[in-house]
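These notebook entries record what I looked up in one structure. I took the chain as a whole first and then turned to single contacts.

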Amino acid sequence: MKNSLKSTTFLAIVACWLWSTAFVGVKIGLENHTPLQFAGVRFFISGILIFLYFGKPKQYLAELKANIKFILLLSVVQIFAQYALFYSGINLVPSSLAAMIIGSQPLFIAVVAHFSFHNDKMTPLKTASILIGVVGIAIITLGRSKVEMKGELELLGIALLLINNLVSGYSNVIIAKSSKTVSPVVLSSTSLIIGGIMLSVVSVPLEGIHLGPFPPKYWYALAWLSFLSAAAITIWYSLLKRPGIKVSILNVWKFLIPVSGAALSWIIMKNEKPDFVSIFGMAIIATSLLALNYANRREIRLAALNEQKPNYK
């Protein structure tokens, strides 16, 4: 039982479930606060929560000092750049189209991993399984809302979200390649704090300063979002740093985020009910995950057979 709870599959599902709960909280937050400033406050609090959980200030500062260049790079790429692109792009694109582009992120990450790792190539079976997942995302998204043009700046928004997907792939790769001298807990905490400060500073000239007053539901949303970011990002960083983990395969679990998000909407929202199109899309995503799991097991089996072959050189 303990081994199951520590397994990559279980922890990946937990992280994706946590991220899937963010949609309602972000919506509440953006109703009361500006995008970049709200994101900055959220991530700063998340980083502080992880620091308090870590509970070893001397070790924390030692790891920060020893890895400051890498931590700054990750803060800029993973937190500041990615979320600045995300929030800027999502404001220019219809929500349904944005959901499809963001939902295709595992495909972009797999492509980046293909050119970054010799043992994480895009095989035909892996490519097909990821594309099946993207189709499932599109079906769920189109089943819940129609794509409507939002104006001339829509192409710019699409470009920003596509760049966001590539940046996400790059950040996953650099974490997987990172030094083992920094723990995932310290890495997530420091990058969230520094990235949150960067977003907050940039938001001032662009959005002004917003100090409230905010309604109680805003504070509830901020508290939950801060917790889930702290937990999900720490889990994800720890998985990326595990030996033998393939970035492309791990990120396919992110196809579960819209599935879980839709299921939670059916449970929580009174005007949301399951429909055939959404369930069909979920079935396609399940097929994608099963196909990718088969492809991964096949690669592992072939690699083991190759190692067992005698070397006659």
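The entries below go from the overall make-up to helix packing, a charged pair and one serine.

**Entry 1. The chain overall.** I note at the outset that the model is predicted. I counted the secondary structure elements and found 15 helices and zero strands. I then looked up burial: of the 313 residues of the chain, 48% count as buried. For contacts with a separation of 6 or more, I found that 88% join residues 24 or more positions apart.

**Entry 2. H4 against H12.** I described each helix pair by the angle between the axes and the distance between them. Helix H4 covers residues 35-54 and helix H12 covers residues 216-240; their axes lie 8 Å apart, at an angle of about 55°. That angle makes H4 oblique to H12. I recorded the crossing of the two as right-handed. On the H4 side I listed Phe-38, Val-41, Arg-42, Phe-43, Ile-45, Ser-46, Leu-49 and Ile-50. The H12 side consists of Tyr-218, Leu-222, Leu-225, Ser-226, Phe-227, Leu-228, Ser-229, Ala-230 and Thr-234. Sorted by class, the residues of this contact are 12 nonpolar, four polar and one charged.

**Entry 3. H3 against H12.** I next took helix H3, residues 22-32, which also packs on H12, with an angle of about 135° and axes 9 Å apart. H3 is therefore oblique to H12. The crossing of H3 and H12 is left-handed, whereas that of H4 and H12 is right-handed. From H3 I listed Ala-22, Gly-25, Val-26, Ile-28, Gly-29, Glu-31 and Asn-32. Their partners in H12 are Lys-217, Tyr-218, Ala-221, Leu-225 and Leu-228. I sorted this contact into seven nonpolar, three polar and two charged residues. Tyr-218, Leu-225 and Leu-228 of H12 appear in the contact with H3 and also in the contact with H4.

**Entry 4. The salt bridge.** How many salt bridges does the structure hold? I found one. The side chains of Glu-31 and Lys-217 form it, at 3.7 Å from N to O. Glu-31 sits in helix H3 and Lys-217 in helix H12, so the pair links parts of the chain 186 residues apart. Both residues are also in my list for the packing of H3 on H12. Is Lys-217 buried or exposed? Lys-217 is neither: I recorded it as partly exposed, because its relative accessible area of 43% falls between the limits of 20% and 50%.

**Entry 5. H4 against H6.** I returned to H4 for its packing on helix H6, residues 68-90, where the axes come within 10 Å and cross at roughly 145°. H4 passes H6 in a right-handed crossing. H4 contributes Pro-35, Leu-36, Ala-39, Arg-42 and Phe-43, and H6 contributes Ile-79, Tyr-83, Ala-84 and Tyr-87. By class I counted eight nonpolar residues, no polar ones and one charged. Arg-42 and Phe-43 of H4 are in the contact with H6 and also in the contact with H12.

**Entry 6. Ser-168.** I last looked up Ser-168, which lies in helix H10, residues 154-176. Ser-168 counts as buried because its relative accessible area is 1%, under the 20% limit. Leaving out residues up to four places away in sequence, I listed its contacts as Gln-82, Gln-105, Ile-109 and Lys-254.

Terms used:
Residues are numbered from 1 along each chain as its sequence is written. This is a predicted model: local features need pLDDT of at least 70, side-chain atom pairs count only at pLDDT 80 or more; totals for chains, interfaces and linings use all residues. Side-chain values use heavy atoms; hydrogens and water are left out. Axes are lines fitted to C-alpha atoms, for helices over the stretch in contact, and angles run from 0 to 180 degrees between N-to-C directions. Helices (H or I, at least four residues) and strands (E, at least two) are DSSP runs, numbered from the N terminus. Angles under 35 degrees count as roughly parallel, over 145 as roughly antiparallel, 65 to 115 as roughly perpendicular and the rest as oblique. A crossing is left-handed if the near helix is turned anticlockwise from the far one by less than a right angle, and right-handed if clockwise. Contact means heavy atoms within 4.5 Å. Ala, Val, Leu, Ile, Met, Phe, Trp, Tyr, Cys and Pro count as nonpolar, Asp, Glu, Lys and Arg as charged, and the others, Gly among them, as polar. A salt bridge is a side-chain nitrogen of Lys or Arg within 4 Å of a carboxyl oxygen of Asp or Glu. Buried means under 20% relative accessible area, exposed over 50%, partly exposed in between (1.4 Å probe, protein chains only).
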